[in-house]
Amino acid sequence: MASSLNLPEHKAFQKQMNEDHFRQEKPILDDYQKEEYENQIQYSMEYHLPIKFQLNNKGFPKELQGHCVYINSINK
């Protein structure tokens, strides 16, 4: 008869394995892709269209939806 025993070390290991499973590497964009994204953002601002962003938050993708009303062109 086997009993299930979860020690703190086991819980931490399982949590780390689950996090690593869903982690994605940050994509590397070339200049053409960056320019294309900037053009799409400008277009959505000009015509007041909704836009969807996918951000990389420490290896985990996060999606934002909404309208872009301002861009800081200095910091991009």
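The legends below describe close-up views of a predicted model.

**View 1. Overall make-up of the predicted chain, shown for orientation.** The secondary structure of the chain amounts to two helices and two strands, and these elements follow one another from the N terminus in the order α-α-β-β. Of the 76 residues that make up the chain, 7% count as buried. The later views take up parts of helix α2, which spans residues 31-46, of strand β1, which covers 51-57, and of strand β2, which holds residues 60-66.

**View 2. The nonpolar surface patch of Y43, Y47 and L49.** Together these three residues present about 320 Å² of accessible area as a nonpolar patch on the surface. Y43 belongs to helix α2, and because its relative accessibility of 48% falls between the limits of 20% and 50%, this residue is classed as partly exposed. Y47 is likewise partly exposed, its relative accessible area being 47%.

**View 3. The aromatic pair within the model.** How many aromatic pairs does the ring rule give? The count comes to one aromatic pair, and it joins Y43 and Y47, whose ring centres lie 4.8 Å apart and whose planes meet at 50 degrees, so that the pair is tilted. The assignment follows because an angle under 30 degrees would count as stacked and one over 60 as edge-to-face, with the rest taken as tilted. Both tyrosines also belong to the nonpolar surface patch that includes L49.

**View 4. The largest pocket and its lining.** The largest pocket holds about 980 Å³ of space, and its lining is made up of 25 residues, of which L29, Y37, I41, F53 and Q54 lie nearest the centre. The elements that contribute two or more residues to this lining are α2 and β1. Which element gives the largest share of the lining? That share, eight residues, comes from α2.

**View 5. Contacts in space made by N57 and L64 with residues apart in sequence.** N57 is placed in strand β1 and counts as partly exposed because its relative accessibility is 44%. Although N57 and K26 are separated by 31 residues in sequence, their C-alpha atoms are 8.9 Å apart in space. L64 sits in strand β2 and is partly exposed, with a relative accessible area of 38%. Between L64 and Q54 the separation in sequence is 10 residues, while the C-alpha to C-alpha distance is 6.3 Å. Q54 is also one of the residues that lie nearest the centre of the largest pocket.

**View 6. Backbone of H48 and K58, two loop residues with positive phi.** Most residues other than glycine have a negative phi. H48, which is not a glycine, has a positive phi of about 55 degrees, and this residue is found in the loop between α2 and β1. Is H48 buried or exposed? With a relative accessibility of 64%, H48 counts as exposed, because this value is over the 50% limit. K58, also a residue other than glycine, has a positive phi near 55 degrees, and its place is in the loop between β1 and β2. At 70% relative accessibility, K58 counts as exposed.

Note on methods:
Residues are numbered from 1 along each chain as its sequence is written. This is a predicted model: local features need pLDDT of at least 70, side-chain atom pairs count only at pLDDT 80 or more; totals for chains, interfaces and linings use all residues. Side-chain values use heavy atoms; hydrogens and water are left out. Patches are made of residues with over 30% relative accessible area and no salt bridge: like charges are joined within 9 Å, nonpolar side chains (Val, Leu, Ile, Met, Phe, Trp, Tyr) within 5 Å. Accessible areas come from the Shrake-Rupley method with a 1.4 Å probe; for residues, only the protein chains shown count as cover. A salt bridge is a side-chain nitrogen of Lys or Arg within 4 Å of a carboxyl oxygen of Asp or Glu. Helices (H or I, at least four residues) and strands (E, at least two) are DSSP runs, numbered from the N terminus. Buried means under 20% relative accessible area, exposed over 50%, partly exposed in between (1.4 Å probe, protein chains only). Rings of Phe, Tyr and Trp (its six-membered ring) pair if their centres lie within 6.5 Å; planes under 30 degrees apart count as stacked, over 60 as edge-to-face and the rest as tilted. On a 1 Å grid over the protein atoms alone, a cavity is a set of points where a 1.4 Å probe fits but cannot get out, and a pocket is an open set with protein on both sides within 12 Å along at least five of seven lines; lining residues have an atom within 4 Å of a point. Grid points are joined across faces, edges and corners, and a volume is the space filled by probe spheres set on the points.
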